Protein chains: 2
Amino acid sequence: MSTTTEKSKPTAQTISPAEMLEHWQGHRGLTRRVIEAFPDDAFFTYTIGGMRPFVEMVMEMMAIGAPALREIVTGEQIHLREHFDHGNSKARILEVWDQQTEEINEFFNQIPLERFQETVTLFGQFTFPVWSQIAYAIDNEIHHRGQAYVYLRSLGIAPPLFYER
Amino acid sequence: MSTTTEKSKPTAQTISPAEMLEHWQGHRGLTRRVIEAFPDDAFFTYTIGGMRPFVEMVMEMMAIGAPALREIVTGEQIHLREHFDHGNSKARILEVWDQQTEEINEFFNQIPLERFQETVTLFGQFTFPVWSQIAYAIDNEIHHRGQAYVYLRSLGIAPPLFYER
């Protein structure tokens, strides 16, 4: 009886999987609004200091997040593909972005709590615990989106507020 | 006996408090190297698109992270103070940065696992769970540090690698 009671008590968590997913999707929603804030042309071409245009950074994000979760859940090795045929269409990028929003929800919810501490190798080269792989995807998105804020400001465009998710 | 066994088993965690602290301090180490990479003058004056010089962003980070943890642990209300007298000295900024590295370790380790889900109001205005307050401090640091990468690149300086922590 005592054991049953222990087991049925909710386990104290720093962050629950559901909270981690919501936190990430909140960031993804903000990144989507930053993509939308770019003039079509600037999204594909504007750079500062020899850096990549924002479209290239967005394709990097799209090569990491959803594919990483797919590999974690299915175990099939995925190649890091940082480019796809977008035809210089922001609408096409946003379409794939939205598909990935659904994929991320679908795959994330298939990761049991016990697996977040499991060390996995993704894309045949990055070996870290599952939680750290997810944190990397989120952190990398924040990092490059922050750079897009500078691009937008230097274009005279006010970016969406960082703390509105 | 059975209950004792249950209790002594490590609880499954998405991220343990120790891992969250190490992750944050890894980011802080990178931010420190980005501060160091700036020429002294540019750190205090260089801007793009009407944004703040990096020193202002760094003082914002310093107003949030360690003070937030202090308020979480001690319960005494702290005012958000985004400026201090640095005398245009990067060495002074780094000195306070390093003091905060120690404070963050000290306070973080006084937050029991059960408190990460507790909702707290910080600086008299931001009401979120403890984990979310900490995530905000980390995310905000990554966001502004990403902007500093653009400043450095446009100054012709190669920033430290994002994934080296």
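The legends below describe close-up views of a predicted model with chains A and B.

**View 1. Chain A as a whole, with six helices and two strands.**
Read from the N terminus, the elements of chain A follow the order α-α-α-α-α-β-β-α, and the C-alpha atoms of this predicted chain fill a box of roughly 65 × 35 × 25 Å along the principal axes. Of the 165 residues in chain A, 52% are buried. Among the contacts in chain A with a sequence separation of 6 or more, 70% are between residues 24 or more positions apart.

**View 2. The interface of chain B and chain A, to which each chain gives 39 residues.**
The area buried between chain B and chain A comes to about 3500 Å², with carbon and sulfur atoms giving 66% of that area. On the side of chain B, the residues that lose the most area to chain A are Thr14(B), Trp131(B) and His143(B), which together account for 19% of what that side buries. The size of an interface is often expressed in this way, as the accessible area lost when the parts come together. Zero salt bridges are counted between chain B and chain A, whereas 16 residue pairs are found in polar contact across the interface, with both residues of each pair at pLDDT 80 or more.

**View 3. The side of chain B that touches chain A, with helices H1, H2 and H6 of chain B among its sources.**
Helix H1 (2-8), helix H2 (17-37) and helix H6 (130-154) of chain B each supply at least two residues of this side, and the largest share, 14 residues, comes from H6(B). By residue class, the side of chain B that touches chain A divides into 17 nonpolar, 15 polar and seven charged residues.

**View 4. His27(A) in helix H2 of chain A, with a polar contact to Asp139(B).**
His27(A) has its place in helix H2, which covers residues 17-37 of chain A. Because its relative accessible area is 1%, under the 20% limit, His27(A) counts as buried. With residues up to four places away in sequence left out, His27(A) touches Ile138(A), Glu141(A), Ile142(A), Arg145(A) and Arg165(A) in chain A, as well as Asp139(B) from chain B. The side chains of His27(A) and Asp139(B) are joined by a polar contact of 2.8 Å. Within chain A, His27(A) and Ile142(A) stand 115 residues apart in sequence, while their C-alpha atoms are 7.5 Å apart in space.

**View 5. Asn140(B) in helix H6 of chain B, with a contact to Phe162(A).**
Asn140(B) lies in helix H6 of chain B and, at 2% relative accessibility, counts as buried. When neighbours within four places in sequence are set aside, the contacts of Asn140(B) are with Phe162(A) of chain A and with Glu60(B) and Ile64(B) of chain B.

**View 6. His144(A), listed by UniProt under "binding site" in an unreviewed entry.**
The UniProt annotation places His144(A) under this heading, and in the predicted model His144(A) lies in helix H6 (residues 130-154) of chain A. His144(A) has a relative accessible area of 7% and is therefore buried, the limit for that class being under 20%. Beyond its neighbours within four places in sequence, His144(A) is in contact with Arg52(A), Phe54(A), Met57(A), Glu60(A) and Met61(A). With one of these residues, Glu60(A), the side chain of His144(A) makes a side-chain polar contact of 3.1 Å.

**View 7. Asn88(A) and Phe123(A), two loop residues of chain A with positive phi.**
Asn88(A) lies in the loop between helix H4 (54-74) and helix H5 (90-108) of chain A, and its phi is near 50°, a positive value in a residue other than glycine. Phe123(A) is found in the loop between strand S1 (119-122) and strand S2 (126-129) of chain A, where its phi is near 55°, again a positive value in a residue other than glycine. Asn88(A) is exposed, with a relative accessible area of 54%, whereas Phe123(A) is buried, with a relative accessible area of 9%.

Technical notes
Residues numbered from 1 in each chain as written. Chains lettered and ligands numbered in written order. Heavy atoms only, no water. Contact = heavy atoms within 4.5 Å. Buried area = accessible area lost by both parts, 1.4 Å probe. Salt bridge = Lys/Arg side-chain N within 4 Å of Asp/Glu carboxyl O. Polar contact = N/O pair within 3.5 Å; in protein donor to acceptor, adjacent residues only side chain to side chain. Helix = DSSP H or I, 4+ residues; strand = E, 2+ residues; numbered from the N terminus. Nonpolar A, V, L, I, M, F, W, Y, C, P; charged D, E, K, R; others polar. Buried < 20%, exposed > 50% of the residue type's maximum accessible area, 1.4 Å probe, protein only. UniProt positions renumbered as here; feature names shortened; annotations may be inferred.
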